[in-house]
Amino acid sequence: MEKIALVTGGGSGIGLAITEKLVQNNIRTIIVGRNARKLADTKQQLGSLCETFVYDLSNHAGIPALVDELFKLHGHIDILVNNAGIHLKKEFTEVTDEEFQRILSTNVTSVFALSREIVKQMLAHDLKGCIINISSMAAQYGIPKVIAYTASKSAVEGMTKAMAVELSPKGIRVNCIAPGFITTNMSSSALDSDPERKQKVMSRTPMGYLGKPADIGEAALFLASDASAYITGVVLPVDGGNSIGF
Ligand code: NDP
């Protein structure tokens with residue numbers, strides 16, 4: 001049976017590179033995001049194995065209906081990549097409760113709600129599957145001015161382990177990729193206006209350069225494939241050594 005993947009935020013940056021890699025390997029891939037134009041451009045670029053669905057994942061109440069509709073349209077989903085995420089760079093004391101909740105709503109609650117609904121359907125359809133979450137260096141060590149983002153990505157890593165122990169016995173592997181500093185719009189907005197931070201990033205990255213979205217695509221393909229059949233509950237840094245750099 002042909003495999004079908006769902007990649008959140010598949011219309012740009014890391015999500016686009018993951019989608020590209022899955023499609024190149026004949027995996028039909030549904031991408032979900034808020035921006036219809038971005039999704040349509042990606043479909044045009046990647047062709048008929050790429051399917052699009054416009055949805056704002058911070059609308060948690062609608063997620064069960066979304067997943068129901070996707071299963072009705074496509075029959076099954078075997079691979080879920082929880083990639084969509086938002087970032088906030090701001091002094092600790094200036095972050096409001098609303099801003100903190102906004103980051104958690106997209107980066108944590110959506111990941112939980114979407115995974116729960118997909119897993120329910122996988123189990124109901126007697127499917128084996130896998131889930132890949134995306135965390136960050138912010139969950140590996142302390143980075144200043146990203147309190148909400150750090151809380152969210154640390155939660156993603158914790159949820160990966162909690163999901164893996166509960167779901168692996170049912171045939172659903174759950175893993176996480178912790179990207180280092182990868183060249184996308186998100187990292188540009190955090191680094192380009194802050195040469196000091198960029199210098200710090202480079203100085204502790206043994207490989208000496210920023211990663212490409214395709215580096216994460218390769219790791220996601222591995223974790224989605226049978227090549228990783230005995231791997232579950234891991235957080236895989238794909239970071240040029242940034243997380244172990246001095
Ligand atoms: P981008 O900003 O390029 O992509 C983020 C994607 O998430 C967009 O496609 C966006 O789509 C989607 N998205 C955001 N909010 C929502 C929402 N409410 N509903 C649906 N889709 C949403 O960032 P990156 O590609 O850099 O980041 C991808 C992931 O990788 C994130 O989880 C990020 O935290 C993580 N990461 C990135 C690193 C980097 O260096 N770039 C490092 C470590 C982790 P749309 O605008 O259409 O809604």
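**Figure 1. The whole protein, with a good share of its residues tucked away.** Of the 246 residues in the protein, 51% are buried. Do keep in mind that this is a predicted model. Eight helices and seven strands make up its secondary structure. With a radius of gyration of 17 Å, close to the 18 Å from the globule rule for 246 residues, the protein is as compact as a globular protein of that length. Its C-alpha trace spans about 50 × 40 × 40 Å along the principal axes. Looking at contacts between residues at least 6 apart in sequence, 70% of them join residues at least 24 apart.

**Figure 2. The surface and its charges.** About 11,600 Å² of the protein is exposed, and 55% of that area comes from carbon and sulfur atoms. The protein carries 24 positive and 24 negative charges, and the mean positions of the two sets are 2 Å apart.

**Figure 3. Helix H1, a mostly covered helix.** Helix H1 runs over residues 13-24, which makes 12 residues. From its first C-alpha to its last, H1 reaches 17 Å, close to the 16 Å expected at 1.5 Å a residue. Nine of the 12 residues in H1 are buried. Among them you will find Ile14, Leu16, Ile18, Leu22 and Val23, and also Gly15, Ala17 and Thr19. A handy reminder while you look along the helix: an α-helix has 3.6 residues a turn, so residues three or four places apart point the same way. Just after H1 comes asparagine 26, with a positive phi of about 65 degrees.

**Figure 4. Lysine 21, a buried lysine in H1.** Lysine 21 sits in helix H1. Is this residue buried or exposed? Lysine 21 counts as buried because its relative accessibility is 17%, under the 20% cut-off. Which residues does lysine 21 touch, once its neighbours within four places in sequence are set aside? The partners are Gly217, Glu218 and Leu221.

**Figure 5. Two loop residues with positive phi.** Most residues other than glycine have a negative phi, and here are two residues to compare with that rule. Aspartate 126 is not a glycine, yet its phi is positive, at about 60 degrees. You can find aspartate 126 in the loop between helix H4 (97-124) and strand S5 (129-134). With a relative accessible area of 70%, aspartate 126 is exposed. Lysine 145 also has a positive phi, of about 70 degrees, without being a glycine. The home of lysine 145 is the loop between S5 and helix H5 (147-167). Its relative accessible area is 38%, so lysine 145 is partly exposed.

**Figure 6. Serine 187 and serine 188 in helix H6.** Helix H6 covers residues 185-191 and includes serine 187. Serine 188 lies in helix H6 as well. How do the two serines fare for exposure? Serine 187, at 14% relative accessibility, counts as buried, while serine 188, at 28%, counts as partly exposed. Apart from its neighbours within four places in sequence, serine 187 is in contact with Ile182 and Asp192. For a sense of distance, look from serine 188 to valine 235: these residues are 47 apart along the chain, and their C-alpha atoms are separated by 24 Å.

How values were computed. Residues numbered from 1 in each chain as written. Predicted model: local features only at pLDDT ≥ 70, side-chain atom pairs only at ≥ 80, totals over all residues. Heavy atoms only, no water. Helix = DSSP H or I, 4+ residues; strand = E, 2+ residues; numbered from the N terminus. Rg over C-alpha atoms; globule rule 2.2 N^0.38 Å. Buried < 20%, exposed > 50% of the residue type's maximum accessible area, 1.4 Å probe, protein only. Contact = heavy atoms within 4.5 Å. Areas by Shrake-Rupley, 256 points an atom, 1.4 Å probe, with all protein chains shown as cover. Lys, Arg positive; Asp, Glu negative; His and termini not counted. Charge placed at Lys NZ, Arg CZ, Asp CG, Glu CD. Expected span 1.5 Å × (residues − 1).
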